[in-house]
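Biologist: Please take one part of this model and walk me through it closely. I want to know how it sits in the rest of the structure, and how far I can trust what I see.

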Amino acid sequence: MTTEADFDAFYTATARRLVATVYAMTGDLAEAEDAVQEAYARAWQRWDRLTREGNPLPWVRTVASRLAVSAWRRTRNRLRAQLRHGPSPDDPGPSGRSGDRAALVAALRELSPDQRQAVVLHHLLDLPVEEVARETGCTSGAVRTRLSRARKLLGERLAHIDTYDEEMVRYG
């Protein structure tokens, strides 16, 4: 197999799930797709080295996650400015997502980027804590702490939304 064919096979086998992973971290499909595409472009530039070192997927996932977090921070800063100065006249408003999905995305957005990354890697990709630690460059203990704090916050946020939804059904 040629290098190009190897890369194409890798991309085909991993891109869809990686977009889903980054989407879970950011809550924005377009941002996730952009970050993943850029990560694969960077991987192609280093393909020989990445394949010599072993499985390139953790490297690509880390790059995509970092790119997405940077984009998320820019978006957060735009939202803060919008709250101070009001929405732009061409703001389309809510996207009409289902309540459960919107609640989950909103709760995930309340997590720190480090917590959100740990939750997605551990709970959505089923990576063991030690692998999450390697990919994020922190200790296993730090990952456990992030997961614990994230689960607590998610539980509080999602329980509140569930209660609100039940009240809306009962009294709506």
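**From the end of one helix to the core**

Modeller: Right after helix α1, Gly27 has a positive phi of about 75°. Keep in mind that this is a predicted model. I will start with α1, then move to α6, and finish with confidence.

α1 is not straight. The helix bends by about 45° at Thr14. Thr14 is also one of the buried residues of α1. Others on that list include Phe7, Phe10, Leu18, Val22 and Met25. Remember Met25, as it returns below.

Now the aromatic side chains. A search of the whole structure gives six aromatic pairs. Take Tyr11 and Tyr40: their ring centres are 4.8 Å apart and their planes stand at 75°, so this pair is edge-to-face. The angle cut-off for that label is over 60 degrees. The pair joins distant parts of the chain, with Tyr11 in helix α1 (residues 3–26) and Tyr40 in helix α2 (residues 29–45), 29 residues apart. The two partners are covered to unlike extents. Tyr11 has 30% relative accessibility and counts as partly exposed. Tyr40 is buried, at a relative accessible area of 2%. Both tyrosines belong to one aromatic cluster, together with Phe7, Phe10, Trp44 and Trp47. Phe7 and Phe10 are buried members of α1.

Next, helix α6, the part I would look at most closely. α6 covers residues 113–124. Its 12 residues, at 1.5 Å a residue, should span 16 Å, and the end C-alpha atoms lie 15 Å apart, which agrees. Nine of the 12 residues are buried, so the rest of the structure largely encloses α6. The buried set is Pro113, Gln115, Arg116, Gln117, Ala118, Val119, Val120, Leu121 and His122. Note that Gln115, Arg116, Gln117 and His122 are on it. After α6 comes Asp126, with a positive phi near 60°.

Zoom in on Gln117, which belongs to α6. Gln117 has a relative accessible area of 13%, so it is buried. The cut-off for that call is under 20%. Beyond its neighbours within four places in sequence, Gln117 contacts Met25, Ser65 and Thr136. Met25 is one of the buried residues of α1. That contact takes you back to where we began.

Follow Thr136 next. Thr136 sits in helix α7 (residues 129–136). At 16% relative accessibility, Thr136 also counts as buried. Residues up to four places away aside, Thr136 touches Gln117, Leu121, Val143 and Arg146. Gln117 and Leu121 are both buried residues of α6. A general point helps here: an α-helix has 3.6 residues a turn, so residues three or four places apart point the same way.

α6 has another partner in helix α8, where Leu147 lies. Leu147 is buried, with a relative accessible area of 2%. Leaving out neighbours within four places, Leu147 contacts Ala118, Val119, His122, His123 and Val129. Of these, Ala118, Val119 and His122 are among the buried residues of α6. Leu147 and Gln117 are 30 residues apart in sequence, and their C-alpha atoms are 9.4 Å apart.

Step back to the whole protein. Its secondary structure is eight helices and zero strands. Of its 172 residues, 36% are buried. Among contacts with a separation of 6 or more, 63% are between residues 24 or more positions apart. The accessible surface comes to about 10,800 Å², and 52% of that belongs to carbon and sulfur atoms.

Last, confidence. The mean pLDDT is 79, and 74% of the residues score at least 70. Over residues 91–97 the pLDDT is below 50, and this stretch has six contacts beyond near neighbours in sequence. By element, helix α3 (residues 47–52) has the highest mean pLDDT, at 94, and helix α8 (residues 140–171) the lowest, at 71. Residues 162–172 stay under 50, and the model gives them two contacts beyond four places in sequence. Where pLDDT is low, the predicted coordinates should not be read in detail.

Note on methods
Residues are numbered from 1 along each chain as its sequence is written. This is a predicted model: local features need pLDDT of at least 70, side-chain atom pairs count only at pLDDT 80 or more; totals for chains, interfaces and linings use all residues. Side-chain values use heavy atoms; hydrogens and water are left out. Rings of Phe, Tyr and Trp (its six-membered ring) pair if their centres lie within 6.5 Å; planes under 30 degrees apart count as stacked, over 60 as edge-to-face and the rest as tilted. Helices (H or I, at least four residues) and strands (E, at least two) are DSSP runs, numbered from the N terminus. Buried means under 20% relative accessible area, exposed over 50%, partly exposed in between (1.4 Å probe, protein chains only). Contact means heavy atoms within 4.5 Å. Accessible areas come from the Shrake-Rupley method with a 1.4 Å probe; for residues, only the protein chains shown count as cover. pLDDT is the predictor's confidence in each residue, from 0 to 100. The expected span of a helix is 1.5 Å times one less than its number of residues. The bend at a residue is the angle between axes fitted to the seven residues ending there and the seven starting there.
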